[in-house]
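Let's go through some labels and ask what stands behind each of them. Here is the model.

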Amino acid sequence: MELVTAADVEAAAVVLDGIIETTPLERSRALAELVGQPVLLKCENLQRTGSFKLRGAYNRIHHLDDEQRARGVVCASAGNHAQGVALGASMQGVESTVFMPEQAPLPKVQATLGYGAEVIAEAASFDDALRDALAYAAEHDRVFVHPFNHPDIIAGQGTLGRELLAQDDTFTTVVVPVGGGGFISGVAVAIKAARPDVRIVGVQAEGCATVTTSLAAGRPVAADHVDTIADGIAVKQPGDLTLAHMEELVDEVVTVDDQAIARALTMLLERSKQVCEPSGAVGVAALLEGRIEVDGPVVAVLSGGNIDPLMLDHLVRVGLAEEGRHLTLHTRIADRPGALASFLDVLAGLRANVVGVEHQRFGRRLRLGQVDVVVELEVRGDEHSREILEELRRQGQWVARR
């Protein structure tokens, strides 16, 4: 199978000149302290459309002939590829139709519409959206723009690796999120051609580790099911072309769980002021979890920042809980005036900030004269949480963590 070359990436860079932004490469002191080596963040979450996908999509559409352009393009996507295809097509005067799952994040659907695509969001899952898109392309004689398994897509994504080489010459490892493998394939082509000593490491979500399984089998293997918050890399099966690139050029692929992703997303928001979607934060998660051995400066690619604000709020809460800074307690107090205020006064004395209270007077396990109380607290870490629990129990209060 013929692989994409550095010359293909250079040609894509010419096509994309003036189309994409050169995204920042920023040093992270907070991550460097934890990792023990300099850490640089490639902020592709600040790219047009909020992810790297415009690079490959625009390049793929650019290479269509006039007859193909007149027919229009079709794609299936949970969001980022949809936006890349929609904008890339409209910028080149090509009609686009995008199939998305009905549960796709609303901001991604609205952005795709805003970039000029017709959006059909009726499928129960991404796989159903992909099936519908392929059927529509065949029925209406449209060109299907694959999200990863095409040479023009891989070459376009590879322009990010070319940018990295121009921005810094000290890094020894590059960490890249992996879904179907088109992004890491292109980045590896560009970087390995110029600096074969650099380690290219991919990161997948544990709930969709199809690349590690496929690399072990030597062929694309489909996952039985997908279960991860990182919808941008929740791809059930890598392509044959992308797998061939990864076998040849990628040094290692590791996995991280959803809790680690939530912690990384929270840290990026708090310490680096970077808004990422879960898939964009997996590289940082792998570094924080110690999944990757680094012996010099390392680049973590933040591949996307398209996240629903409601999901961001939820994941930040999860991340804070994982860091021991958010504590939820369940207790029972007397059903009399002032009892709740007295309990909250105790928490205030323990320097815990109450951010939510649920007060329930009826329940199967409640005795007469009792009420259930669930309290959400901001705390100062695991040690502070233990102090709170120990003091409440010392005072004779029944209390449990939730």
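Q: What makes both faces of S7 count as covered?
A: On one side sit Thr173, Val175 and Pro177, on the other Val174 and Val176, and all of them are buried. Buried means under 20% relative accessible area, exposed over 50%, and partly exposed in between, with a 1.4 Å probe and protein chains only. Strands (E, at least two residues) and helices (H or I, at least four) are DSSP runs, numbered from the N terminus. This is a predicted model, where local features need pLDDT of at least 70, side-chain atom pairs count only at pLDDT 80 or more, and totals for chains, interfaces and linings use all residues. Residues are numbered from 1 along each chain as its sequence is written, and side-chain values use heavy atoms, with hydrogens and water left out.

Q: Why is strand S7 called largely enclosed?
A: S7 covers residues 173-177, and 5 of the 5 are buried, so the rest of the structure largely encloses this strand.

Q: How do you know that S7 and S8 pair, and in which sense?
A: Two strands pair if DSSP finds at least two bridges between them. S7 and S8 (residues 199-205) have 5 bridges, in the parallel sense. As for who faces whom, Val176 stands opposite Gly202 in S8.

Q: Which hand does the crossover from S7 to S8 have?
A: The chain goes from S7 through helix H10 (residues 182-194) to S8, and this β-α-β crossover is right-handed. That label applies if, with the strands pointing away from the viewer, the path from the first strand over the helix to the second runs clockwise.

Q: Why does the length of H10 agree with what is expected?
A: The expected span is 1.5 Å times one less than the number of residues. The 13 residues of H10 should therefore span 18 Å, and the end C-alpha atoms are 19 Å apart, which agrees.

Q: What makes H10 mostly covered?
A: Of its 13 residues, 11 are buried, among them Phe183, Ile184 and Lys192.

Q: What does S7 do with S10?
A: S7 and S10 (residues 298-302) pair too, parallel over 3 bridges, with Val174 opposite Val299 in S10.

Q: Why is Lys273 called exposed, and Arg351 partly exposed?
A: Lys273 has a relative accessible area of 62%, so it is exposed. Arg351 comes in at 49%, so it counts as partly exposed. Lys273 has a positive phi of about 60° although it is not a glycine, and phi of Arg351, also not a glycine, is near 65°.
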